[in-house]
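Biologist: I would like to learn how to read the aromatic contacts in a model, beginning with charges that sit over rings. Could you give the general idea before the case at hand?

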Amino acid sequence: MPRLSRRRFLELLGQAGTLSALSLVLPPLARAADKPGAKASARVVIVGGGFGGATCAKYLRRFAPDIHVTLIERDTRFITCPFSNTVLGGLNDMDYISHDYSGLQEHYGIEVVHDSVTEVDAAAKRVSLTNGGKQQYDALVVSPGIDFRWDAIAGYDEKTAESVPHAWKAGTQTETLRRQLEAMPDGGVVIIAPPGNPFRCPPGPYERASMIAYYLKTTKPRSKLLILDAKDKFSKQPLFVQGWEALYPGMIEWIGGSDWGGIGRLDAANRTLYSTFDTPHKADVINLIPPQKAGAIAHAAGLVNADGWCPVDQRTFESTLHKDVYVIGDASVAGQMPKSGFAANSQGKVCAAALAAKFHAIDMPEPSYVNTCYSLVGPEYGISVAGVYRLVDGEIKSVEKSGGVSPIDADRQFRQTEARYAVGWYQSIVSDSFG
Ligand SMILES: Cc1cc2nc3c(=O)[nH]c(=O)nc-3n(C[C@H](O)[C@H](O)[C@H](O)COP(=O)(O)OP(=O)(O)OC[C@H]3O[C@@H](n4cnc5c(N)ncnc54)[C@H](O)[C@@H]3O)c2cc1C
């Protein structure tokens, strides 16, 4: 194996954020046990095998194959939220968005344990699992995604969500929502109720509205879709609205929080949402997406702030509350980066670079971070947003003129090309994170 020069290694680490866009293959770092402060036989435990955790595990082994990596994930298959809206629209099935961990085990030598972490003992550097097992670590990475604030909406709790799905974690919830759409009559009403900021995937509810409208237009064209938003504006709004007018004229109505009053309560038995002014909205299908917080284990481990999210050193993603514990992905407070799979992937790489540098006693170079997000308004109609980010005074900030959204005046050919890029984006992020 070629031994890397320190300069080349630093260059590679510096590219870590940008790598998520480029998907470069990094040569492994040579062992560095002889350096003062280095720990070449380090053990890193990663909790959560989603976009953040899986990517961090893979890239840590690529940067530093001498580090032992254990990935603890409760499910044997990861069902991606990205492209789950296409399942609702009838474009893909659940298999298309389901992926296993064999690639990470076989190609990168990652130890994958399918179990749930119930406790983190940061002082003893140990995690406990539901099967009674324990795992010791030198560094812990926590990437648990989100959980829901079940106390936020009267009448809506985990049990009620079985019949009024949020489908904001892909899997059974996605299937329930799809079945309800199939069962509703032509001429029926669907309500999507997105939460206020911050939440997982800012454009997600509006892509969902688009995909459901596509399904309705092709099978139940007399139906209506109402978006009762908690917010007064949303991601890529002019592009979505333009697409809805072009593809689904008269079918989708969006009402902002100030105009309808926001969600007051849910009467699940009568499928009715009430605004804070107590105005009722009845529907055949309600997709209620509740306010969110960092995944439960982050709360149990004492990694969250008063808002329910995890503050971190935004250069390395080390928690500001517990030493040697790192938090990436949706659960973290990551400056101006959105809570997206691509952002989690980018953060996973930066965190892997920080850990490789730490255990090889090398200074962490300045990272850069990226996000790209495609949304399908129709099967042949895509729009996108992209951004590059850098650290400014310790906070991740968007680099001016480095990204942007699709042009508003683009023709149908352009939208069609972006729809194809969206499919390519999905295949490449899945392969980069899990392959
Ligand atoms: C409808 C929808 C569409 C989306 N579309 C896009 C898109 O097009 N592009 C994009 O970039 N992003 C998209 N996203 C956002 C994306 O899904 C998330 O931002 C991303 O999954 C966050 O990655 P993560 O690693 O933080 O969490 P996750 O990917 O959710 O991974 C968390 C993992 O941790 C595991 N876990 C949690 N707690 C424990 C525990 N205690 N023990 C063991 N395992 C545990 C969970 O089982 C899960 O597998 C979308 C989201 C939604 C809801």
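Modeller: A charge sits over a ring if NZ of Lys or CZ of Arg is within 6 Å of the ring centre and within 35 degrees of the ring normal. Here Lys339 lies over the face of Trp309, 4.1 Å from the ring centre, and Arg265 lies over the face of Tyr274 at 3.8 Å. This is a predicted model, in which local features need pLDDT of at least 70 and side-chain atom pairs count only at pLDDT 80 or more, whereas totals for chains, interfaces and linings use all residues. Residues are numbered from 1 along each chain as its sequence is written, and side-chain values use heavy atoms, with hydrogens and water left out.

Biologist: How many aromatic pairs does the structure hold?

Modeller: Rings of Phe, Tyr and Trp (its six-membered ring) pair if their centres lie within 6.5 Å, and planes under 30 degrees apart count as stacked, over 60 as edge-to-face and the rest as tilted. The structure holds 18 such aromatic pairs. One of them, Phe83 with Tyr96, is tilted, at 6.2 Å centre to centre and 40° between the planes.

Biologist: Are Phe83 and Tyr96 buried or exposed?

Modeller: Buried means under 20% relative accessible area, exposed over 50% and partly exposed in between (1.4 Å probe, protein chains only). Phe83 counts as buried because its relative accessibility is 7%, while Tyr96, at 26%, counts as partly exposed. Tyr206 and Phe234 form a stacked pair, 3.8 Å centre to centre with 15° between the planes.

Biologist: Which cluster do ring pairs make with Tyr206?

Modeller: Ring pairs link Tyr206, Phe234, Phe240, Trp244 and Trp254 into a cluster; within it, Tyr206 is buried at 0%, and Phe234 counts as buried at 9%.
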